[in-house]
Amino acid sequence: MNAAPIVRDVVLVGGGHSHALLIRRWAMRPLPGVRLTLVSDGVMTPYSGMLPGHVAGHYTADEVHIDLLRLCTWAGVRFIDARMTGLDPRARTVDLDQRPPIGYDRLSLDTGSTPDLSVPGAADHATPVKPVSGFVRRWRTIRERLPAAGDTDRVALDIGVVGSGAGGFEILMAVHHALAGRAVALHWVMRGERPLDGRHRSARTAALTAARDAGVEVHTGFDVERVEAGPVLRAVDGRRLALGELLWCTGASGPDWPREAGLAVDERGFVVTDAMLRSVSHPSVYASGDIGTQRDTPSAKAGVHAVRQAPVLHDNLRADLLGEPLRPYRPQRDFLSLMATGERHAIASRGPFTVAGDWVWRWKDRIDRRFVQRFERLPAMPARTLPPLLAGALRVREESAGNRAAPDGMRCRGCGAKIGSDLLQEALRAYGHRDHDGRDGATGSAEGVLQGTGEARDVSIIAPGERLVVQSVDQLSALFDDPWHFARIATLHALGDVLTVRARPHSALLLLTLPPADDVVQRRELSALLDGVGSVLREQGVRLIGGHTAEGPQLQVALTFNAFADPASYDVGSAERPRAGDALVLTRPIGTGVLFAGAMRAHARGDDLAAAIETMGRSQTAVTDCLHAHGARCTTDVTGFGLAGHLERLLAGFDVAARVDMAKVPVLAGARALAAAGNRSSLFEANRAAVDRLDGSAALDDADTVLLADPQTAGGFLSVLPAGRTGKALDALRSLAPDSAIIGTIIGPVEASGTHAVTLAGERPSRIGDQ
Ligand SMILES: Cc1cc2nc3c(=O)[nH]c(=O)nc-3n(C[C@H](O)[C@H](O)[C@H](O)COP(=O)(O)OP(=O)(O)OC[C@H]3O[C@@H](n4cnc5c(N)ncnc54)[C@H](O)[C@@H]3O)c2cc1C
C-alpha cells in the first residue's frame, strides 16, 4: 500500500517484455503518489524466445513463462487480470472485457503482436503462433493425436508452417525435433526464395540448408492467396497444398482497438510513437515492444527491442509525471539473432557473420534462462515488512493480546486481518453475546426498528411486514489490489452468513475505506469498488440502500445485509441435530489464507492465486439452495476461524461427534505446498487452538494443521446432510460447486462430556500440493 496519497494512475496494459522489466525497476524506486497498475489478459506471460524450446521438449511450460501476478505483488503494483478491448483517450479510460473500464493519467501499451491472419480463410483454418496460450494448447492436441513413434509406415499427418521469419524457422525445426520418429511430413511455405528476409545471405542459406537436411519439404515462391478447409493452401500461381495441420507464423500485425480509439497507427495497425515512445497523436499514451512503431526509426518486431526499450520507458514515464525532460530510444540497426534448430543446436547471425553449433545453443539457453530467472529470483523487499526491532515489538504486543503475528511482522489482510476467535468470544461474552453467529441472540431486541431516512441516504428504513429480518455484517481488508474483483469477493463473503440461515437478502449497506488519494483517483477507485459490489447485488436482486466512505491506510469493504425470512416456515436458530451416519459436506476448497500469506512474501504462484480468486468470486446462492433442498440439517460458511473452528461451531451444542478424513478435504492448488513450506496466515496461531482440540490432531503434519486453521475469505459451506441423501446431493452440488466433497461423517452422540468432539482420520494425499 502507498503511504503517500495517490495522485496519479499509471496503467500498463500487456505484460510483455518492456512492462515486466519496467515493473522490476519501478519496485526498486517507486514514485510516491503514483499508483502503477498492470492489466494483463493472463497471469502467466510467455517468453516467446523460449517457445520453440518448449515445443522441442527442452523446457517445461513453467520455464518459459513469467508469473506476472507474483511479480506485481512483490513490486507493490496493482494487477488486474483482464483483457483490454478498447480505450477512450479523451476520457482516459481503458475498456476491459466483462468488467467496467478503468481510468488512467498515463497509459502504456505493451501488448505485443499476432501473426497477420488477413489472408482469407487463415483465421478459420490455421493455428497462429500467437497468442502463445492458444498455440501451446493446439500443439498438445497435435502431439496427442499422432500415432506413437516408430509407426512410420505411412504419413499420418502433413504439417505446414507458413512464415519465413526467425520465429517460423524456429517453430518448424522445433516441431521436427519433437516429432522425430513419428509419421509426419513437414512443409515450410514461404513467399520468397529464401527465408529470413533482411538477414545476411549466409544466415538465410544456413536456415534453408538446416530445414532441407531435416527432410522438410520447402515450398518457395508460394504466395498464399487463401486457406480452405482441410486445411488446404492455395497459392496465387494456382499451386495447391493439402495439409493436416497448419501453423501460421507470418509477419506481425496489430489489433483493431488502437485505430478504433483514434490513436495514430501505421499501415499494420501499430501505434505510431515518437522517439520517446509516446503516441504522436495522444502524448499521455506510450507504446513499446511490438505494439509500437517509432515514426522516425521503425525497427523489426523483435523481443530485443521490447527489452531495450524498458529502461527508456521507465525513465520517461517517471520524467513525464515529474515534469522533467524525456529521453529518446535509439534502436540499433542490426542485432544478434540466435535461432535454435530443434535439437540443442543453434545458428547465430549478426550483420555478415553467421556461425552455428551446439555452443551457440548453450549460449542462447543461458541468455534466455537468465532473462526469465530475473522474474523468479526476486530480491527481498525490506521496505515491505517491518524492521526486526519493530516486528519484535509487534510480536510482544500481539502475544500479550493472545494473538501472534508472523515472525517477520507480516499482517494478513482479507479474513486474516481480524481478531482471533477466542479473543472475540471473550469480548462478545462481555458484551452479552454467546455466539459469534448470533445463534443465541443479540443483546436487545430488533423488533420495531424504524428510523428516518433522507435524500443523502444517511439512514434507511425497512418495513419487513410480517417477515423476519435477518441481518449480518462483515468487513474485509483488501487481500489483493484489484478493487473490482476484491469488492465482488468481499460482497460474496458478507453474503455467506445470510445464506446459511436460509434468508433471502433484500438490501445492503456499504462501508468503504479507501487509502488516501486525490479526488480523481478516489473517484476511479470508488467506481471500481461500487461496480464490484454491484455485480453481486444485481445478481442477487439486492438493493444498496445506504453506506458510508472513509479514508484509511488500507482498502476495506464492509457490508451489512438485510434479509427476510418467512416466520411460518422459519424456526429461528433451529439447526437440526445431526445424526450418526450423516455426511459432512464442504462445498469449496480451503487454503485462501495460506495462499495470500504466500503472495505477500512472493512465494505463491500467480496461476494458483488467479484460480483462487476465480473460485472466491463465484456466487454460492444456488449452492445453499441446493444444500437446503437436500435436507441439510445445519450449515455454516467457512470463514475467518478456519475449517476446524467453524466445524467446532457447527457442532457446538449438539452433543455429537464427527470424523473428518483429511484426505478428502479439498484444498486450493498450491496451498498445501505453501503450508508445508512454512507460509501461514497471521491469524493461524489464534485459530490453531481449535485444531489442537481435535482428537488426532497430534498426528497431523504441519501442512494439515495449517490448513485446518487457515482463515478463509469467501469460503465454502460446511453442512451436515442426512445419510441416504448424500449421493444425489453431491451430484447436484458438484454441478454448481465442482470441488464439493464429503469430508467426513457424524459418528453419534458424545456420551461422557455431553459436548461435541471431532476425530481426524485418513491418509493424507500422497502428492504434496494440489488435489
Ligand atoms: C516463435 C517465436 C520466437 C521468437 N524468438 C525471438 C527471439 O529469439 N528474439 C527476439 O528478439 N524476438 C523473438 N520473437 C519475437 C518476439 O516474440 C516479439 O517481438 C516479442 O515477444 C514482443 O514483445 P512484447 O513485449 O511486444 O510483447 P509480448 O511478449 O508478445 O507480450 C504481450 C503481452 O500482452 C498481453 N496482451 C496482448 N493483448 C492484450 C490485451 N488486449 N489486454 C491485455 N493484455 C494483452 C499478451 O498476453 C502478452 O502477455 C519470437 C517470436 C516468435 C513467434
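A residue counts as near the ligand here if one of its heavy atoms lies within 4 Å of it. With that in mind, welcome to a quick tour of this predicted model. A shell of 30 residues surrounds the ligand, and the closest are D41, T45, S48, D110 and D290. Beyond the ligand, the structure holds eight cavities of 30 Å³ or more, several antiparallel strand pairs such as β15 with β16, and two cis peptide bonds worth a look, from K130 to P131 and from G230 to P231.

**Around the ligand**

- Start with D41, one of the closest residues of the shell: an N or O atom in the side chain of D41 is 2.6 Å from an oxygen atom of the ligand.
- K130 also reaches the ligand through its side chain, where an N or O atom is 3.1 Å from a ligand oxygen.
- H17 takes part through its backbone instead, with a polar backbone atom 2.9 Å from an oxygen atom of the ligand.
- On its own the ligand has 990 Å² of accessible area, and the protein covers 84% of that.
- Sorted by class, the residues around the ligand are nine nonpolar, 13 polar and eight charged.
- Two helices, α6 (166-178) and α9 (303-322), each give at least two residues to this shell.

**The largest cavity**

- Rolling a probe the size of a water molecule over the atoms shows where empty space is left.
- The largest cavity holds about 100 Å³ of space.
- Its lining is made of 16 residues, and those nearest the centre are G289, G292, S299, K301 and Q309.
- β22 (292-294) and α9 are the elements that contribute two or more residues to this lining.
- Which element gives the largest share of the lining? That is β22, with three residues.
- The lining divides into five nonpolar, nine polar and two charged residues.
- Helix α9 is a good landmark when you rotate the model, as it appears both in the shell around the ligand and in the lining of the largest cavity.

**Strands β15, β16 and β17**

- Strand β15 (residues 224-228) pairs with strand β16 (residues 232-235) in the antiparallel sense, over four bridges.
- To find your way along this pair, look for V227, whose bridge partner in β16 is L233.
- β15 and β16 make a hairpin with three residues between them, and G230 in the turn has a positive phi of about 145°.
- That turn has another feature to inspect: the peptide bond from G230 to P231 is cis, with omega near 0°, and P231 lies in the loop between β15 and β16.
- β16 is also joined to strand β17 (residues 240-242) by three bridges, again in an antiparallel arrangement.
- Here R234 has R240 in β17 as its bridge partner.
- The hairpin of β16 and β17 has four residues between the strands, and G238 in the turn shows a positive phi of about 95°.

**Strands β6 and β7**

- Strand β6 (residues 84-88) and strand β7 (residues 93-96) run antiparallel and are joined by four bridges.
- G86 stands opposite D95 in β7.
- These two strands form a hairpin with four residues between them, where R92 in the turn has a positive phi of about 55°.

**Backbone details elsewhere**

- The peptide bond from K130 to P131 is cis, with omega near 0°.
- P131 sits in the loop between β11 (127-128) and α5 (132-145).
- K130 therefore deserves a second glance, as its side chain has an N or O atom 3.1 Å from a ligand oxygen, within the 3.5 Å cut-off for a polar contact.
- R502 has a positive phi of about 60° although it is not a glycine.
- You will find R502 in the loop between α13 (483-500) and β27 (504-514).

How values were computed
Residues are numbered from 1 along each chain as its sequence is written. This is a predicted model: local features need pLDDT of at least 70, side-chain atom pairs count only at pLDDT 80 or more; totals for chains, interfaces and linings use all residues. Side-chain values use heavy atoms; hydrogens and water are left out. A polar contact is a pair of N or O atoms within 3.5 Å; within protein, one must be able to donate a hydrogen and the other to accept it, and residues adjacent in sequence count only if both atoms are side-chain atoms. Accessible areas come from the Shrake-Rupley method with a 1.4 Å probe; for residues, only the protein chains shown count as cover. Ala, Val, Leu, Ile, Met, Phe, Trp, Tyr, Cys and Pro count as nonpolar, Asp, Glu, Lys and Arg as charged, and the others, Gly among them, as polar. On a 1 Å grid over the protein atoms alone, a cavity is a set of points where a 1.4 Å probe fits but cannot get out, and a pocket is an open set with protein on both sides within 12 Å along at least five of seven lines; lining residues have an atom within 4 Å of a point. Grid points are joined across faces, edges and corners, and a volume is the space filled by probe spheres set on the points. Two strands pair if DSSP finds at least two bridges between them.
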